[in-house]
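Me: I would like to go through this structure slowly, asking at each step what a term rests on. Could you set each value beside the definition it depends on?

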Amino acid sequence: MERFQITVGDIAQQNTQAVVNATDTTLLGGGEVSAAIRKAAGPQLAQACEKIGGCATGKAVVTPGFSMSAQYIIHTPGPLWQGGGNGEKQLLASCYHSCLTLAGEKGILSIAFPSISTGAYHFPVNQAAEIAVKTIGSFLSTNTSLKQVLLVCRDQRTRFIYEVSLQQYQAK
């Protein structure tokens with residue numbers, strides 16, 4: 001899994017061809033990840049998102065990176081945690097898979113993900129980490145076009161949780 005790395009940092013500052021924006025279904029809101037990306041990309045991003053007109057939870061759409069160093073921004077509305085009985089886990093897995101599939105279709109070689117839905121949408125980090133690692137790991141095992149997948153955590157605690165999930169995934 002050398003193509004999959006976990007780090008702490010600002011998603012908007014990553015040196016990858018694409019970054020993932022964890023957003024809402026309008027593509028115009030979300031939590032702190034979305035706010036950081038909107039700020040870094042500039043006002044053209046809001047205009048492009050308005051033209052797209054939204055995206056369903058678990059799906060993904062792409063825009064240019066505009067003022068960001070990333071060439072592309074892949075937007076995915078993450079699920080709001082409602083206790084786990086409303087398909088949240090499947091929707092979160094779909095977020096990661098949809099982004100990775102879209103990256104493959106666009107010929108993107110490197111992509112940076114945030115910890116989708118674990119901030120403002122309250123998805124439990126332990127469960128989110130398992131889902132993200134399993135989905136990314138499974139995708140990378142069958143797709144060789146992506147050269148780097150970076151999971152960018154907001155703090156060391158979150159990074160530790162993701163690293164434990166990655167170790168458990170690799171041990172299987």
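Reply: Let us begin with a word we shall need at once: a residue counts as buried when its relative accessible area is under 20%, as exposed when that area is over 50%, and as partly exposed in between. Please keep in mind that this is a predicted model.

Me: Which residues of E2 point one way, which point the other way, and are they buried or exposed?

Reply: Ala18, Val20 and Ala22 point one way from E2, while Val19, Asn21 and Thr23 point the other way, and all are buried.

Me: What makes strand E2 largely enclosed by the rest of the structure?

Reply: Strand E2 covers residues 18–23, and six of its six residues are buried, so the strand is largely enclosed by the rest of the structure.

Me: How do you know that E2 pairs with E4, and with E5?

Reply: Two strands pair if at least two bridges are found between them. E2 is joined to strand E4 (residues 72–77) by six bridges, and these two run parallel; E2 and E5 have two bridges, again in the parallel sense. Both values satisfy the cut-off, so both count as pairs. Ala18 shows this on each side, since Ala18 stands opposite Tyr72 in E4 and opposite Ile111 in E5.

Me: In what order do the strands of the sheet lie, and why is one side of E1 and of E3 left without a neighbour?

Reply: Six strands form an open sheet in the order E1-E6-E5-E2-E4-E3, with mixed pairing. Strand E1 (4–8) and strand E3 (61–64) stand at the edges and each has a single partner strand, so one side of each has no neighbour in the sheet. On average, neighbouring strands of this sheet are turned by 25 degrees against each other, direction ignored. E1 pairs with strand E6 (residues 148–153) in the parallel sense over five bridges, and the bridge partner of Gln5 in E6 is Leu150.

Me: Which helices lie across E1 and E6?

Reply: Helix H4 (residues 125–142) lies across E1, strand E5 (110–113) and E6, running at about 170 degrees to E6. Helix H5 (residues 156–171) lies across E1 and E6, running at about 160 degrees to E1.

Me: Why are H4 and H5 called oblique to each other?

Reply: H4 and H5 pack at an angle of about 50 degrees, with their axes 9 Å apart. Angles under 35 degrees count as roughly parallel, those over 145 as roughly antiparallel, and those from 65 to 115 as roughly perpendicular, with the rest called oblique. The angle of about 50 degrees falls in none of the named ranges, and H4 and H5 are therefore oblique to each other. H4 passes H5 in a right-handed crossing, and by class their contact has nine nonpolar, five polar and two charged residues.

Me: At what angle do H3 and H4 cross?

Reply: The axes of helix H3 (residues 88–106) and H4 cross at roughly 35 degrees and come within 9 Å. The contact involves residues including Leu92 and Tyr96 of H3 and Ile131 and Phe139 of H4.

Me: Why is Gln170 called partly exposed?

Reply: Gln170, found in helix H5, has a relative accessible area of 43%. That value lies between the cut-offs of 20% and 50%, so Gln170 is partly exposed. The C-alpha atoms of Gln170 and Gly137 are separated by 8.7 Å, although these residues are 33 residues apart along the chain.

How values were computed
Residues numbered from 1 in each chain as written. Predicted model: local features only at pLDDT ≥ 70, side-chain atom pairs only at ≥ 80, totals over all residues. Heavy atoms only, no water. Helix = DSSP H or I, 4+ residues; strand = E, 2+ residues; numbered from the N terminus. Axes fitted to C-alpha atoms, helices over the stretch in contact; angles between N-to-C directions. Contact = heavy atoms within 4.5 Å. Left-handed = near helix turned anticlockwise from the far one by under 90°. Nonpolar A, V, L, I, M, F, W, Y, C, P; charged D, E, K, R; others polar. Buried < 20%, exposed > 50% of the residue type's maximum accessible area, 1.4 Å probe, protein only.
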